[in-house]
Amino acid sequence: MTTRTLPRVRGGIGTSVGRPDGEPKVTGNFAFASDLSSPGMLWGATLRSPHAHATLTELDIGPALAMVGVHAVLTQDDVVGSPMFGQVEQDQPVLCDGTARYWGEPVAVVAADDEETARRAAAAIVAVWEPLDPLDDPERAAEIGSTFREMRIRRGDETAEGSVVVEGFYETATQDQAPLGPEAGFAIPDGEGGLDLYITSQWVHVDHRQIIACLDLEPDQVRCHPAGIGGAFGSREDISLHIHVAMLALATGRSVKMVYDRSESFVGHVKRHPSRMWYRHEADEDGNLVKVTARLILDGGAYAHTSPAVIANAAFFSVGPYRCDNVVIDAVVVRTNNPPAGAMRGFGVVQACFASESQMDSLAEAIGLAPLELRRRNALAPGDPFATSGQVIQGSLPTVAVIDALESIPIPDPIPSDDPRLAPGGTGLTTPRSAVVRGVGYAVGLKNLAFSEGFDDFAEARVVMTPAGIEIHTAAIEVGQGLVTVCQQIARTVLGVDRVAVVWKDTSQIGSAGSTSASRQTQMTGGAVHDAAVGLRDQILSLHGGDELRDDGVYKQGELVATVNEICSDGPVECHVRFRHPKTYPPDADGQGEIHAGFVVAAHRAVVDVDPELGLVRVVRVDTAQDVGRALNPQAIVGQLEGGIMQGMGFAVMEELVIDGGVIRNPTFTDYLIPTFLDAPDVEVRIIEEGDHWGPFGAKGIAESPTISSTPAIVAAIRAATGRSLTRVPVLPTDIVGV
Amino acid sequence: MTVPIVITVNGERRSVDVAGSESLLHTLRNDLGLPGTKDACEQGECGSCTVIFDGAAVCSCLVMAADADGATVTTVEGIGEGAQLHPLQEVMLAEGAVQCGFCTPGFIVTGVHLLETNSHPTEPEIREALSGNICRCTGYGAILRAFTALTSEGA
Ligand code: FES
Ligand code: FES
């Protein structure tokens, strides 16, 4: 008797199998985009606006062109196709169109024999500016209607009232993704008017669409290739140097390389939106939420990028993972002369979660409930209407389970260590042990999975049997998260075959995999690989009359009936799939409808030691319970959770891009502080497995959750230690000391 | 203006002309064909560019190439015996300490130097020694587990 159970293959789902790109990464042989080169290539460099808002009255490229070793100097006049680009709205000129709208806006680009000459040539361009007043106050921008999108959500009875009311005003600063790998591009002209482009990207197909429009080329003339990426976290979801490096290669007929240095990287990519949020929570005496009212302003900076989607996320997730029948939300993302904002891990939900979880703590205190007890009472579950959009929660949503699992993690010894290295501020500062107070705080966060609001969200993948093994063809971007491993695991498990390799394809070779963002690739490209593997398996088994596939061929009742070479006698056999998640719809005028395809929930508990006199904080530990649907690779999950928590911790206590009159004051690793090994808290993880209604084997995307509720949990812990209200992140020493 | 220098890189004597303003990092990556050493800040803040320079772990972005004349340098490409990975490379892979991998060469070189100077570092010593290397992906947990696994085996 034969049953098709999951094959006993090595390295399938549920195992912590290693990355196929691991060995080249530990030996230095992995080619990142910034490592690419070819003999005789040119280097590109960019001249940027020194003003947040100014009119360009004169631009003289002559001095740069006259320099020895300079091959091209290009300006907006050299853009032959669409002068504007943008993922959602085409509102940004490729190069300055006569007005600079943010500090660091690209004005001209140069190609030269070497990096140094290119930079000096960019500096030699004469640009004369007439500075204008920058619009840098987001509330002023909202007043005058300088907005990208306004969201209005009305659900239930606007006049409903609760007997317990808490109000708060919250702010979050600008956070930078600060991926370690810089923006980089390498463009190789094909001699026929087209080119191959190797770029740091999160979504080559959406880049491709914008690039060909600006270059006025046919789709097959530009081939965008996924290149090795040193982290992304949202920073590469929008175009940076892509069009510039392509223009330089076409203008010179030579290969051109462009790499941003760290300071340029800080201005060269979009950041997390800074926000201001006003909230009122109303509940009954037992702590049941009656109504949530909120107004949110996010500053989108000078150009739209993904701001319209970010504000929708902030608005729809403004109540968190709780039931509430009456909701009044107004949210707006404004256009200013501040640095452009866009995608960063958590995508609008981070800001709203900080405010709403702070509110939940205030409410718990007002009612006299433990913080987690209040959350448990209101916990959103499958079958409930979502507080904002009203859609009924489908699939799994183990809100209570993550809260219970978090509580079951033992709390550490309350005595702070004597080791001065473990004191707030470390050995260099002078916190005596007696001054240290400990605090514990909690938060729970909810995130949507994949793209929402009716977006036609799909991922293509091809699974191919060749005599050498299985190949997975995809243009999905591996940023370090481990998609490459998960795709292999899924294909191995479905096919029962061990030898599986992922082969990256360019935009001319396969359709879009969609963006590596929104926690979506495990489910979307993973889903496409799953379905393509199933299709390939069924096709081969039925053709050869077998009941099982193994590395060497098709088997029937344990007997080999067709070898791999026989199966591939007419060439490789393949199955190509375009995978879509359950359909979503745009919101109606009240923000109601089936807006989201799925949900993921997580809870965090932070333990901090604080020196209240010096305002120093050490985050001792951050524990988490995470809904994963199904764990495809437990080690990779832990890696995402630990890494995400560290970014959430950075945002809680140290990471702030200081922006003053539109100018970034700290665009270096010296002044923009990122958590180091000495700052890293211990993390304990509980994984909750309740399979979801779509996605391979019920798996969910999990990469954003750890960055969402870790920040409010840490701030809650600092509040518990200090008694301060702490309504802004990052929490600075002055906020704790109270000066 | 260029300066001729001779340096021993990964056991091989190399002669190269370097610009007066050029960093050793630049020379390794762009002139000597060794892109394994990474450039993420050029300010001595991230450790991605770490090499072993005359026995010390240094940020190669802070060393003038012209000052490296006569020096002995080990980069990530020189770690391990031929195709055989160094035990630290093995354990970093086994513990899932590599995500995007941009920081990894720096951690490998700093870590190998740490283990050469202190074969059984304690956890605070590991954290201290690696505190000049930024990793934006892993949160350091898996890297710590890798070092702990290696140093507690009583090698
Ligand atoms: S590149 Fe040298 S320390 Fe960052
Ligand atoms: S693995 Fe990406 S920076 Fe460390």
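Me: Which residues in α12(A) meet α13(A)?
Reply: Happy to start there, and please keep in mind that this is a predicted model. On the other side of this contact, α13(A) brings Q521(A), T522(A), T525(A), G526(A), V529(A), H530(A), A533(A), V534(A), L536(A) and R537(A). By class, the contact has eleven nonpolar, five polar and one charged residues. From α12(A), the residues are L483(A), V486(A), C487(A), I490(A), A491(A), V494(A) and L495(A).

Me: Are α12(A) and α13(A) roughly parallel or roughly antiparallel to each other?
Reply: Helix α12 spans residues 483–495 of chain A and helix α13 spans residues 521–544 of chain A. Their axes come within 9 Å and cross at roughly 30°, in a right-handed crossing. Angles under 35 degrees count as roughly parallel. The two helices are therefore roughly parallel.

Me: How do α9(A) and α17(A) lie to each other, and what is the handedness of the crossing?
Reply: The axes of α9(A) and α17(A), the latter being residues 710–722, come within 9 Å and cross at roughly 40°. That makes the pair oblique. As for handedness, α9(A) passes α17(A) in a crossing that is right-handed.

Me: How many charged residues are in the contact of α9(A) with α17(A)?
Reply: In α9(A), the contact is made by C353(A), F354(A), E357(A), S358(A) and D361(A). Helix α17(A) adds P712(A), V715(A), A716(A) and R719(A). Five of the residues in this contact are nonpolar and one is polar, while the number that are charged is three.

Me: What is the angle between α2(B) and α5(B)?
Reply: Now we move to chain B, where helix α2 covers residues 87–94 and helix α5 covers residues 141–151. The two are oblique to each other, and α2(B) passes α5(B) in a right-handed crossing. Their axes are 8 Å apart, and the angle is about 130°.

Me: How many nonpolar residues are in the contact of α2(B) with α5(B)?
Reply: P87(B), L88(B), V91(B) and M92(B) come from α2(B), and they meet I143(B), A146(B), F147(B), A149(B) and L150(B) of α5(B). This contact has no polar and no charged residues, and the nonpolar ones number nine.

Me: What area is buried between chain A and chain B?
Reply: The contact takes 52 residues from chain A and 50 residues from chain B. Carbon and sulfur atoms give 57% of the buried area. V26(A), L180(A) and F677(A) supply 23% of what chain A buries against chain B, more than any other three residues. The area buried between the two chains is about 3,900 Å².

Me: Which residue of chain A meets R136(B) in a salt bridge?
Reply: Five salt bridges are found across the interface of chain A and chain B. In one, the N to O distance is 2.7 Å, and the partner of R136(B) is E655(A).

Me: How many residues apart in sequence are the parts that E453(A) and R149(A) tie together?
Reply: These side chains meet in a salt bridge at 2.6 Å, N to O. E453(A) lies in the loop between β18 and β19, and R149(A) in strand β9, so the pair ties together parts whose separation in sequence is 304 residues.

Me: Which residue is joined to V729(A) by a cis peptide bond?
Reply: Most peptide bonds are trans. Here omega is about -5°. The partner is found in the loop between β31 and α18 of chain A, and its name is P730(A).

Technical notes
Residues numbered from 1 in each chain as written. Chains lettered and ligands numbered in written order. Predicted model: local features only at pLDDT ≥ 70, side-chain atom pairs only at ≥ 80, totals over all residues. Heavy atoms only, no water. Axes fitted to C-alpha atoms, helices over the stretch in contact; angles between N-to-C directions. Helix = DSSP H or I, 4+ residues; strand = E, 2+ residues; numbered from the N terminus. Parallel < 35°, antiparallel > 145°, perpendicular 65-115°, else oblique. Left-handed = near helix turned anticlockwise from the far one by under 90°. Contact = heavy atoms within 4.5 Å. Nonpolar A, V, L, I, M, F, W, Y, C, P; charged D, E, K, R; others polar. Buried area = accessible area lost by both parts, 1.4 Å probe. Salt bridge = Lys/Arg side-chain N within 4 Å of Asp/Glu carboxyl O.
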